[in-house]
Amino acid sequence: MLSAHNIVAGYVDEIDILQDVSVDAEREQITSVIGPNGSGKSTLVRVICGFLHPKSGTVTWDGTDLTGRSSHDMAGLGICYLPQERTVFPHLTVEQNIRLGAWTFRNDKARIGRELERVYELFPLMRERRRSKAGDLSGGMQKILEIARGMMIRPEILICDEPTVGLAPIIAKEVYDTIERLKADGLTILLVDQNVREAIRVGDHVYVLEVGQNKVSGTKSEFETNLHDMIKDWLQI
Amino acid sequence: MDYYVLSQIVNGLIFGLIYALIALGLTVVFSIMRVVNFSHGEFYMLGGYTLYALTAGGAALFSLPFVVPTIVALPLAMAVVAMFGVAVERGLLRPVYTVRMDRPEEYAIILTFGLSLFLQYGALTTVGPYEMTPGSFWEGSKHILGDLWLAGDRLFAAGTSALLIAATLFFIYGTWTGRALMATAQNRVGATVVGVDPVRMNVIAMALAGLLAGAAGSLLAPVFLVYPDVGQIPVIKAFVIIVLGGMGSIPGAVVAALILGVVESLASVYISVAYRDVFAFLVLIGVLLFRPHGLFGQKERRA
């Protein structure tokens, strides 16, 4: 289980974006974190992934303390982070991008070959486009490439921050399908999203944040029935 | 073609190779750290002074009983400047990046500008304005063909530069660390996510820049001697080269350096040698007017 408990964090001393937020992501399930703009969703994943050190609170993965670990240590710990912004290497080819996913085991040639083959089997489109420059791919394909690159380490956890922001709905669906497929393969997934409907649809467990605090949480079924009321409540209409 | 013109072209290529060494370090640091290192010319100067101190200066100034052979002093000088580069990253530039602030690159640029002045005037007050002559790498003039003779030191500088450029290209394109450098230059967050430590890449970039600038400064020291502002003109040319080659482009820097070297030499013959250092600026203005992304530069595609 990935746990972030009682997180207090912010970018400057006086302002706490997160004021005591706790989230647990169960193994082999999709945990969705939703909430309006400015609720601290992205800040929460930045804390979990070591890009921002919390003022207090702890982050653990199966009992291993991750609090304060560096962001570049995460890949070595089996954690794959998919930031909101694009992170492909635009002037390298698709295959060069995916191979760089093997950085943490770069001296194990045999393993790199094996993992590359496995990733191509998971993402056949990437094999087709392996000689294209990553920057020439569409936005959706770049997102899939980021996921493919992240799969080189055979991560145990995938942390996605708004994976479909700015993508056309049909391509967004492909990204969510990919996430569900990876869950079926045994990945633990933490999905932070503003796309409330999709986040609840794919999520097994849902957390709602509001201005840096936990608002409600529950299983998917609880949310599906109340979704309409909840959205009204957020918008205060 | 007469031998005079031929010798000018060959000399231009020799300078081009040296310029490439200087420009490579500058462009690598710019790509990785987004910092234009204005003290890069002083890295070059330090290379020359270190070579002088090890070969002739130690004996002259401190009456040391021995001199280091020039060929041995070269790698030592390169190592010294590389370590200096690492110290600059660690001591001056890293704090700018670890404290959260707006536009850290601009503070870093002002810092390197200050460091440049500090080192120049530091050299002026400690060793004085005199031109110092370090030991030679390869003494005398060498016969190439026909009437073409070249100074041994220039030939040595060209050959060593070519080797160092080849080694640098192999390092960047052929090793994991080099690929991680490229990845960091193209997307810092992406590199971090796959496990590359971006701070380590900063250190490697500064060490590489010091190594190459130190080499260039040492290699040309026996030809042009060493004095406090010896790095000024070469580094300005390196700036022109990285604009001509395309900001951040490694092959662009090498090709542009060779072009600039030859253009300068030929323009000196056919127009006027007095304006030798002006031609670089004419090239710069031409590039900015007609091809602002340079020969090999990639136009940014913004999302």
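A residue counts as buried when its relative accessible area is under 20%. In this predicted model, that cut-off says a lot about helix α5 of chain A: 13 of its 13 residues are buried, so the helix is largely enclosed by the rest of the structure. Helix α5(A) covers residues 139–151 and reaches 19 Å from its first C-alpha to its last, close to the 18 Å expected at 1.5 Å a residue.

Chain A also holds an open sheet. Four strands make it up, in the order β2-β1-β4-β5, and the pairing is antiparallel. At the edges sit β2 (18–25) and β5 (64–65) of chain A, each of which pairs on one side only. As for how β5(A) is held, two bridges join it to strand β4(A), residues 56–61, with the two strands running antiparallel. Looking at individual residues, W61(A) has T64(A) in β5(A) as its bridge partner.

Over on chain B, the surface carries a nonpolar patch formed by Y275(B), V278(B), L282(B), I285(B), L289(B) and F290(B), which together offer about 690 Å² of accessible area. One of these, L289(B), lies in helix α11 of chain B, residues 279–290. With a relative accessible area of 60%, L289(B) is exposed, the cut-off for that being over 50%.

On to confidence in chain A. The average pLDDT here is 91, and 98% of the residues score at least 70. Helix α2(A), residues 94–100, marks the high end at 97, while helix α8(A), residues 220–235, has the lowest confidence in the chain, with a mean of 72.

Notes:
Residues are numbered from 1 along each chain as its sequence is written. Chains are lettered from A and ligands numbered from 1 in the order in which they are written. This is a predicted model: local features need pLDDT of at least 70, side-chain atom pairs count only at pLDDT 80 or more; totals for chains, interfaces and linings use all residues. Side-chain values use heavy atoms; hydrogens and water are left out. Two strands pair if DSSP finds at least two bridges between them. The expected span of a helix is 1.5 Å times one less than its number of residues. Buried means under 20% relative accessible area, exposed over 50%, partly exposed in between (1.4 Å probe, protein chains only). Patches are made of residues with over 30% relative accessible area and no salt bridge: like charges are joined within 9 Å, nonpolar side chains (Val, Leu, Ile, Met, Phe, Trp, Tyr) within 5 Å. Accessible areas come from the Shrake-Rupley method with a 1.4 Å probe; for residues, only the protein chains shown count as cover. A salt bridge is a side-chain nitrogen of Lys or Arg within 4 Å of a carboxyl oxygen of Asp or Glu. pLDDT is the predictor's confidence in each residue, from 0 to 100.
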